[in-house]
Structures are given as C-alpha cells and as structure tokens.
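This report describes salt bridges, enclosed and open spaces, and selected surface and backbone features of one protein model. The sequence and the structure are shown first.

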Amino acid sequence: MIILRSYKIAASAVLLLASAASFAQAPNITDQALSSGAPTGAVNETWKPSLVTDGVYDRVPRAAQALSWQPVREADVMWRKRVWREINTLEKQNLAFRYPGDEYTGGGYFIEILLHAIKNGQIKAYSNFDDRFTQPLSTEQIEEIVRGTVDTTEVYDPTTNTVQYVVTQKDFDPDGVTKYRVKEDWIFDRNLGRMVVRIIGIAPVQDIRDPLSNEVRGQSALFWVYYPDARNTLAQYEVFNPENDVQRLTWDDFLEGRFFSSRIIKVSNPFDQYIQGLPGMNAMDALYESQRTTEMLFNKEHDMWVY
C-alpha cells in the first residue's frame with residue numbers, strides 16, 4: 001500500500017512538471033493555427049483564430065477520421081426502403097446547424113463548411129434537381145447559384161448630372177439556409193439482424209424572398225452532396241455541444257448518430273411524388289402521413305422477427 005501510494009505521488013509530480021513546462025512555452029502563431037480544431041482552416045473569411053492560447057489547458061490537435069461502414073451484401077438485404085427527410089434548422093434540436101462557429105467547428109455555419117469544402121475540391125456538388133448525382137457542378141456554377149450573377153445598376157450622380165453604371169453582386173447569407181434535405185436508405189440486414197440506416201445525400205435548402213417586401217415566397221435546394229464522399233471532410237469539424245464544451249461530436253458522428261430532428265417528406269413510390277404533393281393531401285395530412293411512415297420504419301425491424 002505504501003509503495004502504491006508513493007508511485008501515485010511520483011506520477012502526479014511528473015504530470016505537474018510536464019504541465020508547467022508546456023505552459024511555460026509561449027505558443028506562436030503557427031502552433032496556434034495547427035492546434036485549431038479544423039485542420040482545413042476557417043470556413044468563414046470574417047472569422048480569425050486567436051493568436052494566443054485561448055484557454056486554461058493545452059488541447060491536443062485532433063485528426064478525426066470517419067469510421068468505415070460495414071459492407072452490406074445484397075444477399076443479406078431482406079427489406080429496403082428509400083426515404084427523403086427534411087431538417088428544419090429553426091428547431092431547437094437542430095440549432096447546431098446555425099451555430100456561427102469557433103476554432104473547433106471551423107468558424108462558420110454547416111452550410112459554410114460545405115461550401116468551403118466544395119471550393120477546395122474536397123467535396124463534389126451536384127445539381128439541385130439531381131438527387132441521383134448525375135450532373136456535377138463546377139466551382140463557378142456553385143458561386144453563381146449561391147451569390148447569383150453579376151448585376152449592373154444605374155446610379156445617377158446629381159453633381160455631375162451623369163449616369164454611372166455600378167457592377168454589384170449580392171453576398172451569400174448563411175441565415176437564409178433554414179432547411180436540409182437528406183436522402184437515405186433503410187435496410188434490414190439479416191446478417192446483423194437489425195435495421196441499418198445509411199445517408200446517401202444532403203442538400204441545403206435556401207429561402208426565396210421577395211426583393212421588395214423581403215417575405216419568404218418559397219424554398220429551393222442549392223445543390224446535392226454525395227454523403228459517403230463527404231464523411232472524411234465532415235469528420236474534421238466539430239458540432240457545438242450546449243451541455244459540455246469538451247464532449248463534442250464531429251459532424252460525421254452527429255449525422256451518423258442521428259442527433260438531429262427531422263420529418264419524412266417522401267418515400268419511394270411509383271410516381272416519385274412528395275407526400276404533400278399527393279392528391280388530396282394538405283399540410284396537416286402530410287404531417288400525419290410523415291409520422292405514420294416514421295412509425296412504420298421503426299416497427300419494421302420488430303415485425304421481421306414476429307411470425
């Protein structure tokens with residue numbers, strides 16, 4: 001017992017000396033940039049990392065990587081259903097999508113993380129009408145979709161009594177992205193004996209506002225992202241945890257763990273129609289049908305083993 005206690009005291013002394021030595025070394029700008037949470041850098045041009053150690057302890061740089069999915073054999077698939085969901089970022093459970101960001105989350109919204117990765121060639125974007133990923137978009141096309149085309153405005157100068165032409169282009173407002181559409185597969189794997197859910201694609205949805213009244217007139221998807229190719233990039237950025245700043249998930253863990261709230265807007269059907277687009281289906285009926293479909297998916301796994 002005395003030897004064990006002496007060993008613990010010696011180990012504690014070593015840890016204290018190591019901590020004192022680490023705090024004695026003043027970190028430079030390069031070390032601080034490397035110790036920031038996102039190795040790919042800030043995703044928002046207006047956000048700047050701290051030039052000093054912003055905290056009371058040294059944080060180890062994290063190089064997370066997405067865990068590979070377990071392969072699913074076609075022979076083991078007993079049942080499969082394709083589902084489209086909609087995530088409303090205005091709901092309390094989904095506020096992580098609208099967090100302005102810090103040095104560990106990339107310094108921007110989730111939409112800014114996607115755009116940053118697309119511009120750097122880490123993620124490929126596809127047409128907003130193409131959830132089958134057949135029409136890839138270039139960086140110039142993404143810039144035009146997000147910010148619009150360059151516009152020329154006439155400006156009258158009363159001093160010189162002349163008209164000048166000013167080239168303008170609107171800035172992208174991340175607050176305008178209020179929803180995300182998720183395409184996923186629900187598969188019952190008899191080899192595992194459980195239901196397996198795999199996300200296939202994600203599409204940010206932007207509000208379309210009236211230029212005069214600024215009222216929301218509709219919504220439109222900006223582009224589609226093939227999720228399996230984006231997992232490793234999303235694993236480099238953390239999701240804000242309102243309960244504990246230490247226990248944070250990566251965006252890949254957040255989506256794979258399904259920590260978001262959503263509702264089903266479409267399931268595979270012969271006419272490829274959304275639930276609200278079905279004949280005689282109003283908004284309230286669509287909510288009830290979405291809830292019924294959700295219960296069906298959860299009960300399907302139980303029904304597979306009930307004879």
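A salt bridge is taken here as a side-chain nitrogen of Lys or Arg within 4 Å of a carboxyl oxygen of Asp or Glu. The model under discussion is predicted. By this criterion, a search of the whole structure yields 18 salt bridges.

## Salt bridges

Side chains of opposite charge can pair when their charged atoms come close. Three pairs are set out in the table.

| Pair | N to O distance | Separation in sequence |
|---|---|---|
| E86 and R263 | 3.5 Å | 177 residues |
| D175 and R98 | 3.4 Å | 77 residues |
| R147 and D171 | 3.4 Å | 24 residues |

The side chains of E86 and R263 meet in a salt bridge. This pair links distant parts of the chain, with E86 in strand β1 (residues 77–88) and R263 in strand β9. E86 is buried because its relative accessible area is 11%, a value under 20%. R263, at 27% relative accessibility, counts as partly exposed.

D175 forms a salt bridge with R98. D175 lies in the loop between β4 and β5 (177–189) and R98 in the loop between β1 and α3, so the bridge ties together parts of the chain that are 77 residues apart in sequence. The relative accessibility of D175 is 35%, which makes this residue partly exposed.

In the third pair, R147 and D171 approach to 3.4 Å, N to O. R147 belongs to helix α4, whereas D171 is in the loop between β4 and β5, so the contact ties together parts 24 residues apart in sequence. R147 is partly exposed, with a relative accessible area of 24%. D171 counts as exposed at 63% relative accessibility. Salt bridges that share partners join K119, E143, R147 and D171 into one network.

## Pocket and cavity

The second largest pocket has a volume of about 440 Å³. Two elements each give two or more residues to its lining, namely α3 (110–119) and α4 (139–147). Of these, α3 gives the most to the lining, with four residues. The lining comprises 16 residues, and V43, N44, E45, E112 and K119 lie nearest the centre of the pocket. By class, the lining contains six nonpolar, four polar and six charged residues. K119 thus appears both among the residues nearest the pocket centre and in the salt-bridge network.

A further relation involves N44 and helix α3. The C-alpha atoms of L115 and N44 are separated by 9.9 Å, although the two residues are 71 residues apart along the chain. L115 is located in helix α3 and, at 8% relative accessibility, counts as buried.

How many cavities of 30 Å³ or more does the structure hold? There is one cavity of that size. The largest cavity encloses about 50 Å³ of space. Its lining consists of A96, Y99, T105, G108, Y109, F110, I113, E238, V239, F240 and W251. These lining residues divide into eight nonpolar, two polar and one charged.

## Surface patch

V56, Y57 and V246 form a nonpolar patch on the surface. Together, the three residues of this patch have about 320 Å² of accessible area. V246 is placed in the loop between α5 (227–234) and α6 (251–256). With a relative accessibility of 42%, V246 counts as partly exposed.

## Backbone conformation

Most residues other than glycine have a negative phi. Which conformation does N161 show, a positive or a negative phi? N161 has a positive phi of about 55°, although it is not a glycine. This residue lies in the loop between β3 (151–157) and β4 (162–168). N161 is exposed because its relative accessible area is 54%, a value over 50%.

D272 likewise has a positive phi, near 55°, in a residue other than glycine. D272 is found in the loop between β9 (263–267) and α7 (283–304). At 49% relative accessibility, D272 counts as partly exposed.

Methods: Residues are numbered from 1 along each chain as its sequence is written. This is a predicted model: local features need pLDDT of at least 70, side-chain atom pairs count only at pLDDT 80 or more; totals for chains, interfaces and linings use all residues. Side-chain values use heavy atoms; hydrogens and water are left out. Patches are made of residues with over 30% relative accessible area and no salt bridge: like charges are joined within 9 Å, nonpolar side chains (Val, Leu, Ile, Met, Phe, Trp, Tyr) within 5 Å. Accessible areas come from the Shrake-Rupley method with a 1.4 Å probe; for residues, only the protein chains shown count as cover. Buried means under 20% relative accessible area, exposed over 50%, partly exposed in between (1.4 Å probe, protein chains only). On a 1 Å grid over the protein atoms alone, a cavity is a set of points where a 1.4 Å probe fits but cannot get out, and a pocket is an open set with protein on both sides within 12 Å along at least five of seven lines; lining residues have an atom within 4 Å of a point. Grid points are joined across faces, edges and corners, and a volume is the space filled by probe spheres set on the points. Ala, Val, Leu, Ile, Met, Phe, Trp, Tyr, Cys and Pro count as nonpolar, Asp, Glu, Lys and Arg as charged, and the others, Gly among them, as polar.
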